[in-house]
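Visitor: I would like to learn how to read a structure like this one, feature by feature. Could you take me through it slowly, with the general idea before each case?

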Amino acid sequence: MKLMRGLLLLISGFGLMAGAKLSLEHIQHGEVCPMLGPVPACIIVFLGYLAVFLAAVFIQKPWAKKLFYTGWTPVFLLAFIGVGLELIKGQTCPPGPAGIPQCFFSLAMITACWLMFRFYQASAPRK
């Protein structure tokens, strides 16, 4: 159980830092991230990973599950849609390591976060 929480903190913390880096680059240089109306997608991803990370920090609080899904849902949807658009039309997501679009990494990471959160919730002692 501690391992799942530790991995959840590690992955969501990495997503939080990556989202912060992209958001800062977008603010400084513009046009780094796709826009969702007036909001850059990377800022939504940053805030989503922040919520997932905080839910992992306070995982035993009664409101942690709500906070987790509040952050997880937009990140998952953006990554899922981003991967789909990347596969269909290309050059939708910012490039990552080895030229692999970052939305592919984000989809894998946010799915792993969900699995770890669910595993932790299922194995936590009932109160």
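Visitor: How should I judge whether Gln91 is buried or exposed?

Guide: The idea is to take the relative accessible area of a residue and hold it against a cut-off, with over 50% counting as exposed. Bear in mind that this is a predicted model. Gln91 has a relative accessible area of 79%, and it is therefore exposed. Gln91 sits in the loop between helix 3 and helix 4, and its phi is near 50 degrees, which is a positive value in a residue other than glycine.

Visitor: Where is Ala98, and what is its phi?

Guide: Ala98 also has its place in the loop between helix 3 and helix 4, and its phi is positive, about 60 degrees, although Ala98 is not a glycine. With a relative accessible area of 80%, Ala98 is exposed.

Visitor: Let us turn to the helices. How do the axes of helix 3 and helix 4 cross?

Guide: For a pair of helices one looks at how close the axes come and at the angle between their directions, where angles over 145 degrees count as roughly antiparallel. Helix 3 covers residues 64–88 and helix 4 covers residues 102–123; their axes come within 8 Å and cross at roughly 150 degrees. The two helices are therefore roughly antiparallel to each other, and the crossing of helix 3 and helix 4 is left-handed. The residues of this contact between helix 3 and helix 4 divide into 17 nonpolar, three polar and three charged.

Visitor: Which residues does Ser106 touch, not counting residues up to four places away in sequence?

Guide: Ser106, which lies in helix 4, touches Tyr49, Val75 and Ala79 when those sequence neighbours are set aside. Its relative accessibility is 13%, so Ser106 counts as buried.

Visitor: How do helix 2 and helix 3 lie relative to each other, parallel or antiparallel?

Guide: The reading goes by the angle once more: the axes of helix 2, residues 41–57, and helix 3 come within 8 Å and cross at roughly 150 degrees. Helix 2 and helix 3 are therefore roughly antiparallel to each other, and their crossing is left-handed. By class, the contact of helix 2 with helix 3 has 15 nonpolar, two polar and no charged residues. On the helix 2 side the residues that meet helix 3 include Gly48, Tyr49, Ala51 and Val52, and on the helix 3 side the residues include Leu67, Gly71, Trp72 and Val75.

Visitor: Take one residue from that contact. What is Ala51 in contact with, leaving aside its neighbours within four places in sequence?

Guide: Ala51 lies in helix 2, and, leaving aside those neighbours, Ala51 is in contact with Leu67 and Gly71. At 9% relative accessibility Ala51 counts as buried. Sequence separation and spatial distance can also be read side by side, since Ala51 and Leu16 are 35 residues apart in sequence and 9.1 Å apart in space, C-alpha to C-alpha.

Visitor: Now the aromatic rings. How many aromatic pairs are there?

Guide: Rings pair if their centres lie within 6.5 Å, and planes under 30 degrees apart count as stacked while planes over 60 count as edge-to-face. By this rule the count comes to eight aromatic pairs. In one of them, the rings of Phe68 and Phe117 have their centres 3.9 Å apart and their planes at 0 degrees, so this pair is stacked. The pair links distant parts of the chain, with Phe68 in helix 3 and Phe117 in helix 4, 49 residues apart. Phe68 counts as buried, at 0% relative accessibility, and Phe117 counts as buried as well, at 1%.

Visitor: How do the rings of Tyr69 and Phe117 pair, stacked or edge-to-face?

Guide: Their centres are 6.1 Å apart and their planes stand at 90 degrees, so the pair of Tyr69 and Phe117 is edge-to-face. This pair, too, links distant parts of the chain, with Tyr69 in helix 3 and Phe117 in helix 4, 48 residues apart. Tyr69 is partly exposed, with a relative accessible area of 23%.

Visitor: Which residues do the ring pairs link into a cluster?

Guide: The cluster that the ring pairs form consists of Phe68, Tyr69, Trp72, Phe76, Phe80, Trp114 and Phe117.

Notes
Residues are numbered from 1 along each chain as its sequence is written. This is a predicted model: local features need pLDDT of at least 70, side-chain atom pairs count only at pLDDT 80 or more; totals for chains, interfaces and linings use all residues. Side-chain values use heavy atoms; hydrogens and water are left out. Axes are lines fitted to C-alpha atoms, for helices over the stretch in contact, and angles run from 0 to 180 degrees between N-to-C directions. Helices (H or I, at least four residues) and strands (E, at least two) are DSSP runs, numbered from the N terminus. Angles under 35 degrees count as roughly parallel, over 145 as roughly antiparallel, 65 to 115 as roughly perpendicular and the rest as oblique. A crossing is left-handed if the near helix is turned anticlockwise from the far one by less than a right angle, and right-handed if clockwise. Ala, Val, Leu, Ile, Met, Phe, Trp, Tyr, Cys and Pro count as nonpolar, Asp, Glu, Lys and Arg as charged, and the others, Gly among them, as polar. Buried means under 20% relative accessible area, exposed over 50%, partly exposed in between (1.4 Å probe, protein chains only). Contact means heavy atoms within 4.5 Å. Rings of Phe, Tyr and Trp (its six-membered ring) pair if their centres lie within 6.5 Å; planes under 30 degrees apart count as stacked, over 60 as edge-to-face and the rest as tilted.
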